[in-house]
Amino acid sequence: MRTPSSNNLGAVAFLFPGQGSQAVGMGKELAELYPVAKRVFEEADDVLGYKLSQICFQGPEDQLRLTEITQPAILTASVAAWRVLNEKGVKPDFVAGHSLGEYSAHVAAGTISFADAARTVRNRGKYMQEAVPVGVGAMAAIVGMDLDKVTALCRDASQGQVCEPANINSPEQIAISGHAAAVEQATKLANERGAKLAKMLPVSAPFHCSLMKPAQDRLAADLHAMTFLDPAVPVACNVDAELVEDADRSRDALIRQVTGSVKWEQGMRLLITKGVQAFVEVGPGRVLCGLMRQIERSKTCLTVGDEASLQKTLEQLAIAGT
């Protein structure tokens, strides 16, 4: 099979999901069918010292939702799916990952090893959970309001507290993060100012805002102790919505990402300007394909999370390559 870069779709980008895409059973079918996927789960179990594979495949769901388990679980399921694609000869021209997914993207790009990534995202989840006492921080989703307006309402709601855009997901959807009282006030203001929807999110910590600085500092020490190589394919990083192609910038972007906004929409638009016509969401769920429909409906978005979606994606890429 031809690689995507030589097919009629033009350039292909692999997208890796972040927290929120987890589901009991993820990766199970691919691990049963493909030894290369099974080995990823076995490696994760060895590296982490507990049966992550069992939690991914069988639950319980409340355990899978714990941040320090969720993060390595999504990474592992995503890398397993990528390794199957890689074994089939399907190579991306660019990679990107949403928040946590940026670690999966760097594994796929050869920047960091899977074992290092698994250990690091487990700690990342722990550090993020411990950075802010439960109940002090919160997040909310604002739908149908542009970034300038969301930035303004965060400023008006903050009143000396933290309230910041956290995930700029699409023209339709932005998440905000910060102190609980300020975020609640921002949702009220959003509703008053004409948002289609403004609601608090059921998350355990205020991710991607300046309250995460203690987690960022702890994670920086881990990342500086880790080996980074230059990515073999360009990685569209969240924090700058720019392509990173060297080891030091890759590390720096992952550090700053903890307190910085996830500039997902801007990153996807960057990839489109680079000629990407087809996006493949590699790992559990379809969240990123849903966002792509809001960003640019004309682009092809495929998924690889189980055998059916894998075969469909291979067929679509093969058809485009003929």
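**Strand β3, its partners and two pockets**

In this predicted model, Val143 stands opposite Leu197, a residue of strand β6. This pair belongs to the contact between β3 and β6 (residues 197-200), two strands that are antiparallel and joined by four bridges.

Strand β3 itself covers residues 137-143, and six of its seven residues are buried. Here a residue counts as buried if its relative accessible area is under 20%; by that criterion β3 is mostly covered. In a regular strand, side chains point alternately to the two faces of the sheet.

Strand β3 also pairs with β5 (residues 173-179), again in the antiparallel sense, through seven bridges. Within this pairing, Ala140 has Ile176 of β5 as its bridge partner.

The discussion now turns to the pockets. The largest pocket has a volume of about 740 Å³. Its lining comprises 30 residues, and those closest to the centre are Gln19, Gly20, Asn167, Leu201 and Val203. Strands β3 and β5 are among the elements that contribute two or more residues to this lining, together with the helices α5 (67-87), α7 (114-131) and α13 (287-295). By class, the lining of the largest pocket contains 13 nonpolar, 15 polar and two charged residues.

The second largest pocket has a volume of about 180 Å³. Sixteen residues line this pocket, and Met26, Pro284, Gly285, Gly305 and Asp306 lie nearest its centre. At least two lining residues come from each of α1 (28-33) and β10 (300-304), and α1 gives the most, with three residues. The lining of the second largest pocket consists of five nonpolar, seven polar and four charged residues.

Definitions and conventions: Residues are numbered from 1 along each chain as its sequence is written. This is a predicted model: local features need pLDDT of at least 70, side-chain atom pairs count only at pLDDT 80 or more; totals for chains, interfaces and linings use all residues. Side-chain values use heavy atoms; hydrogens and water are left out. Buried means under 20% relative accessible area, exposed over 50%, partly exposed in between (1.4 Å probe, protein chains only). Two strands pair if DSSP finds at least two bridges between them. On a 1 Å grid over the protein atoms alone, a cavity is a set of points where a 1.4 Å probe fits but cannot get out, and a pocket is an open set with protein on both sides within 12 Å along at least five of seven lines; lining residues have an atom within 4 Å of a point. Grid points are joined across faces, edges and corners, and a volume is the space filled by probe spheres set on the points. Ala, Val, Leu, Ile, Met, Phe, Trp, Tyr, Cys and Pro count as nonpolar, Asp, Glu, Lys and Arg as charged, and the others, Gly among them, as polar.
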